[in-house]
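Me: Please take a close look at one part of this model, the place where two neighbouring helices pack. Then set that part in the context of the rest of the chain.

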Amino acid sequence: MKKKLAVISTACLLILASDPVSSYATPDSSSDVLDQPTSVTNEDVKAIFDSLYQEGYSLGEEDGYAEKKFEQFDQTTGLDKSSEEFTWFMMGYTVGYKKGQQQKEEELKTEQENEMAAGEEEGYQQGVLDYKHATIQSEIDPFPSKSSDWNKGYVQGYKKAISLMDLSVKAKKEGYDQGLENDSMSVPSMYDDEDVTRQAFTEGFETAQAEVLNQQKKQFEKQGYVQGYHDLSLEVPAEAEGELQTAFEQGYEKGQKQKQKDVKADGYDSAFTYQTYRAPKSLQDKPELEKWYKAGFYSNKDVKSLKQKAYKDGWKLGKEMSVPKKYKQNKAAVAMYKKYFEQGQKKQEKTVSHILLGSVIVLTLIALITLWRLRRRKNEDTTLDS
């Protein structure tokens, strides 16, 4: 028994030290190790080999995964097999052992990669957040509850985030500068490899392009406004296309509306100056604008009431000229108020003069009558004395 166990141990060591792939060979019918009768076929031998090989493979795979050689062996292992059968058994064990080892290593590697990936993702997110809040950590303390692989990934992710955020600031600035100078975007290779930097460059470029477009739209809208205000026919510049054309047309429409509004206001003001409607010479060949001017003139319903107030204010004794607040900014209304206020003052002065003159005449008559009565009474007294 001891001798056979020694043989088994030696065989195991030799087989484990050899290349299992080259050792794996299907036995041929000339083998006499099995001590089988001559009627045994090649198929029978192969079946016996496969069975022994698979038995050894299963035990070896378990031991390899546990990284403990011969863990599944006991004192009886191999005693029921001939030396050649045991060799086939050990072939399977050796291959299975290495397969188990490989599977264990792959699982550990995958677990480490997953841990590092999870830590890196969380570290990256925290790095981005700290960068935005200007709370960047110069030294990163490990998380005791996490594995070393996770902590390693966290540090890598955090530093990567800070580095990329720094680079993205530069990328955005360069994208903005390029957008001010060019209509087409060309992302430099140093920013094109990462989504963050590529997006930052694109954002900077698009921001600049939007600013350029808005500035151009303002310029064309202003040009359209001037054209519309001066009542010129609409002529869109050839270089104004798309949104620029729309801006020019919008400006033109605003200019025309403002011109109509101003002309109507002029007509409204003219009602304070003229008693009857008269069209300005500048509008005689512009029927559309003349229509607005006329509408403004007849929309003024304040002339009569303001005229009456100005006249009454001027007629009142001691009343100073005070244009109602509503009309203080309207030169035509102020001029009309002043005109009729002064007319009221003149009427007041004339009326007072008449009153004073009448009073003097009355007083004179009273004085003459009184004097006449005194004289008459004196004459009568003189007659009685004689």
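Reply: Start with the chain as a whole. This is a predicted model. Among contacts between residues at least 6 apart in sequence, 71% join residues at least 24 apart. The secondary structure comes to 11 helices and 0 strands. Read from the N terminus, the order of elements is α-α-α-α-α-α-α-α-α-α-α. Of the 386 residues in the protein chain, 27% are buried.

Now the close look: α8 against α9. Helix α8 spans 243-273, and helix α9 covers residues 287-299. Their axes lie 6 Å apart, and the packing angle is about 40 degrees. Angles under 35 degrees would count as roughly parallel, and roughly perpendicular begins at 65. The pair is therefore oblique. The crossing of α8 past α9 is right-handed.

Which residues of α8 and α9 meet? From α8 come Lys259, Gln260, Val263, Lys264, Asp266, Gly267, Tyr268, Ser270 and Ala271. From α9 come Leu289, Trp292, Tyr293, Gly296, Phe297 and Ser299. Sorted by class, this contact has 7 nonpolar, 5 polar and 3 charged residues. Among the residues of the contact, Lys259, Lys264 and Asp266 are in α8.

Helix α8 has a second role in the packing. It supplies at least two residues of the largest nonpolar core, as do α10 (303-315) and α11 (331-385). That core has 14 residues. The giver of the most is α11, with 6 residues. Phe272, Leu306, Tyr327, Met336 and Tyr337 have the most contacts inside the core. In soluble globular proteins, nonpolar side chains tend to be buried together.

Phe272 deserves its own look. Beyond residues up to four places away in sequence, Phe272 touches Asn300, Asp302, Val303, Leu306, Tyr327, Asn330, Ala332, Ala333 and Met336. Leu306, Tyr327 and Met336 are also among the core residues with the most contacts. Apart from this core lies another, of 10 residues. Its members include Tyr154, Ala161, Ile162 and Met165.

Next, helix α5, residues 148-181, where Leu164 is found. Leu164 has 8% relative accessibility, so this residue counts as buried. The cut-off for buried is under 20%. Leaving aside neighbours within four places in sequence, Leu164 is in contact with Tyr124, Glu194 and Thr197. Leu164 and Tyr124 are 40 residues apart along the chain, yet their C-alpha atoms are separated by 9.8 Å.

Finally, two loops for the backbone. Glu67 is in the loop between α3 (42-66) and α4 (83-132). Its phi is near 60 degrees, a positive value in a residue other than glycine. With a relative accessible area of 47%, Glu67 is partly exposed. Ala134 lies in the loop between α4 and α5. Ala134 likewise has a positive phi, near 55 degrees, and is a residue other than glycine. At 67% relative accessibility, Ala134 counts as exposed.

To return to the helix pair: α8 meets α9 through residues including Val263, Tyr268 and Ala271. Helix α8 also supplies at least two residues of the core it shares with α10 and α11.

Definitions and conventions:
Residues numbered from 1 in each chain as written. Predicted model: local features only at pLDDT ≥ 70, side-chain atom pairs only at ≥ 80, totals over all residues. Heavy atoms only, no water. Core = buried A, V, L, I, M, F, W, Y, C linked by side-chain atoms within 4.5 Å. Buried < 20%, exposed > 50% of the residue type's maximum accessible area, 1.4 Å probe, protein only. Helix = DSSP H or I, 4+ residues; strand = E, 2+ residues; numbered from the N terminus. Contact = heavy atoms within 4.5 Å. Axes fitted to C-alpha atoms, helices over the stretch in contact; angles between N-to-C directions. Parallel < 35°, antiparallel > 145°, perpendicular 65-115°, else oblique. Left-handed = near helix turned anticlockwise from the far one by under 90°. Nonpolar A, V, L, I, M, F, W, Y, C, P; charged D, E, K, R; others polar.
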